[in-house]
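Okay, thanks for coming, everyone. I'll take a few minutes to walk through one structure, so have a look at the screen.

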Amino acid sequence: MRDTFIRILEDIAKEDQNLILITGDLGFGVLKNYWDTYPEQFINAGIAEQNMTGLAAGMAIEGKTVFTYSIGNFPTIRCLEQIRNDAAYHNANVKVVAVGGGFAYGSLGMSHHATEDIAIMRALPNVTVLAPGDIKETEEAVKAIYKWPGTCYLRLGRGGGKPIHEGAIDFKIGKAIKLLEGETVAIFSTGEILEEAKKGATLLNNMGVSTGLFSFPTVKPIDYETIIQSANNVDLIITVEEHNIIGGFGSAVAEVLAGVQGNHAQLIRIGLDDKYSSIVGSQEYLRDCYGISAQQIVDKVINTLKSRYSINGTKEDMHYYNGIFNHESICDLEPRGTK
Amino acid sequence: MNSEELAWKIKRHGVDMTHISKGSHIGAILSVADIIAVLYSDILNYDPKNPNDDKRDRVILSKGHAGAALYAALAECGFFDVAELKTHYANGSRLSGHISHKGVPGVEFSTGSLGHGLSVGAGMALAAKKDNKAHRVYVILGDGECDEGSIWEAALFANHFKLFNLTVIIDHNKMQSLTFCEDTISKSPFADKWRAFGWNVIEVDGHNHSSLKESLQINSQNKKEQEAPTCIIAHTIKGKGISFMENNILWHYRTPQGEEYEAALRELEAIKPCEILS
């Protein structure tokens, strides 16, 4: 994702001399080509994120489009008030880019785990929040925020990354992207955890649970339409994020559903259980530790459907669920209504 | 209007505004009034009829709590109606206690949380330098504000990038919120710190208009691409001009009411420049 980001930014820099990239002294190797090619459009502000963000706002107010770049929490939480007061309040064209969302830098320790950034950034008025799910979304997201007026936050994952989408994507800020159709479950994913969400959705479909999958590269503004449509069409919506369970993407979806009248799908949010990680490990290892891996998404869906059935089940329900399940954990389920 | 007249009017408005609103920070308003007056009378290039003119000099009042002084100067210089100053702090007013640019012609940037203005000013100066624009950027800091680490981040940056078109003016009244700066977090030797950060440092009496004017004029001729930014340390007195407010920390927050308000007005009348007709 990081490599895709800088490749696209170089393309934009070539066309627009008012594009400025400021790094907080990070991006060794990665930013070199940009730096060499567009030295007048590159600033290393040093290890001083508050100043980096304030000066980005100042340059943006003077007509520049300024991308600030650093790792995880450094360009966001470290300089939160500069983003709020200097960039967002002034509607400055500052695009805050964090590489290493979630556990991408898992082995580096909690300082480098970015797991509250979405919640914090989306709480700021005038800030558009994006967390692309793969390199295709990243490419489109960089182009989109460049053109999008005002302050944006772009949360990226690892350096490389791979495409999760097959084929071209229809990318618009504020719109989710459908990957799979499904009638019973809809998985909503934001950010790089999309790869786990897709694995989980595939496993569920293989078990016979009709599961749709949507990537939400934009967390704010959230795609009301997709959420409400799914809420009316499926039994269960699962949100997946590599982020704390409080305040992030799942909360954004919950806020939409809270305003929907009548019967609609149940919402289950998957994310970190309001914890910091004091252990380290690879991204995959930590995802598994904290319950956000593909298998844990599957287990959560199965257990939720199971419990819905055991609480509300009727013979018709049992028939229905037995029809959609081909999963051993559900086979011996006795519906409460039949006892 | 000359700078002495403007300074007096800023002080008079400041006392009235904090009286009407029962607001704070009259000490800081009186402290910075002469600096702002000299800037707007003698130094800055601006057009109140075209407040966003690209050629204008930029001013950021980083010590946003003294915003009433800037609002008063802007109103007196024709950016908006002087009568609006009475709405400072009021319900629905655009003139917030800490300076805000929203809907207020002439205010370049909103502040209030300390330690923000210098970075933003550095960004504006760097943008102007890159685009070969001739205007200057002036950032007014408080001395207490220099407790903030972000000031020193920006100070390093502005020197490294040789922002010759950036001028900091420090309202050095030696007091901050609770007590004297030196009894809070010592920044001595203050001027040497700025020098050590690579800045051109000029120390002046911040209430002497000809000294202020001279230092700012010398500075505005500084157009050499490789020159460092300039820091004018203006030695001031918190509460300047009203005897019982001067150097009295009480007047950081206290609002002039009753007999104190009347006494403040009497003292200001006594120092009214002869050019101002009642």
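**Chain A, chain B and where they meet**

Let's begin with the record: UniProt, in an unreviewed entry, puts the feature "domain: Transketolase-like pyrimidine-binding" at residues 1-164 of chain A. Keep in mind that what you're looking at is a predicted model. Over that stretch, residues 1-164, chain A is 37% helix and 18% strand, and the C-alpha atoms at the two ends sit 12 Å apart.

Zooming out to chain A as a whole, we have 13 helices and twelve strands. Its radius of gyration comes out at 21 Å, close to the 20 Å the globule rule gives for 339 residues, so chain A is as compact as a globular protein of that length. If you draw a box around its C-alpha atoms along the principal axes, you get roughly 75 × 40 × 35 Å. Of the 339 residues in chain A, 53% are buried. And if you take contacts in chain A between residues at least 6 apart in sequence, 77% of them join residues at least 24 apart.

Now, the contact between the chains. Chain A puts in 21 residues and chain B puts in 17. On the chain A side, helix 3 (49-61) and helix 4 (80-88) each supply at least two residues. Which one gives the most? That's helix 3 of chain A, with nine residues. By class, the chain A side has eight nonpolar, eight polar and five charged residues.

Let's stay with helix 4 of chain A for a second. Is it mostly covered or mostly open? Mostly covered: seven of its nine residues are buried. Among the buried ones are A:Arg84 and A:Asp86, along with A:Ile83. As for what covers them, the list includes helix 3, strand 4 (94-99), strand 5 (127-130) and strand 6 (151-155) of chain A, plus helix 4 (117-130) from chain B.

Over to chain B, then. Here five strands make an open sheet, in the order 1-2-3-5-4, with parallel pairing. Strand 1 (58-61) and strand 4 (200-205) of chain B are the edges, each pairing on one side only. From one strand to the next, the twist averages 20 degrees. Helix 2 (residues 26-43) of chain B packs on this sheet, touching strands 1, 2, 3 and 5, and its direction makes about 150 degrees with that of strand 3 of chain B.

Last stop, that strand 4 edge: six bridges join strand 4 of chain B to strand 5 (residues 230-235) of chain B. If you want a spot to click on, B:Val204 stands opposite B:Ala234 in strand 5 of chain B.

Key:
Residues are numbered from 1 along each chain as its sequence is written. Chains are lettered from A and ligands numbered from 1 in the order in which they are written. This is a predicted model: local features need pLDDT of at least 70, side-chain atom pairs count only at pLDDT 80 or more; totals for chains, interfaces and linings use all residues. Two strands pair if DSSP finds at least two bridges between them. Helices (H or I, at least four residues) and strands (E, at least two) are DSSP runs, numbered from the N terminus. Axes are lines fitted to C-alpha atoms, for helices over the stretch in contact, and angles run from 0 to 180 degrees between N-to-C directions. Two residues are in contact if their C-beta atoms, placed from the backbone, lie within 7 Å. Ala, Val, Leu, Ile, Met, Phe, Trp, Tyr, Cys and Pro count as nonpolar, Asp, Glu, Lys and Arg as charged, and the others, Gly among them, as polar. A residue is buried if 20 or more other C-beta atoms lie within 10 Å of its own, exposed if 12 or fewer, and partly exposed in between; C-beta atoms are placed from the backbone. UniProt positions are given in the numbering used here, feature names are shortened, and annotations may be inferred rather than shown by experiment. The radius of gyration is taken over C-alpha atoms; the globule rule is 2.2 Å times the number of residues to the power 0.38.
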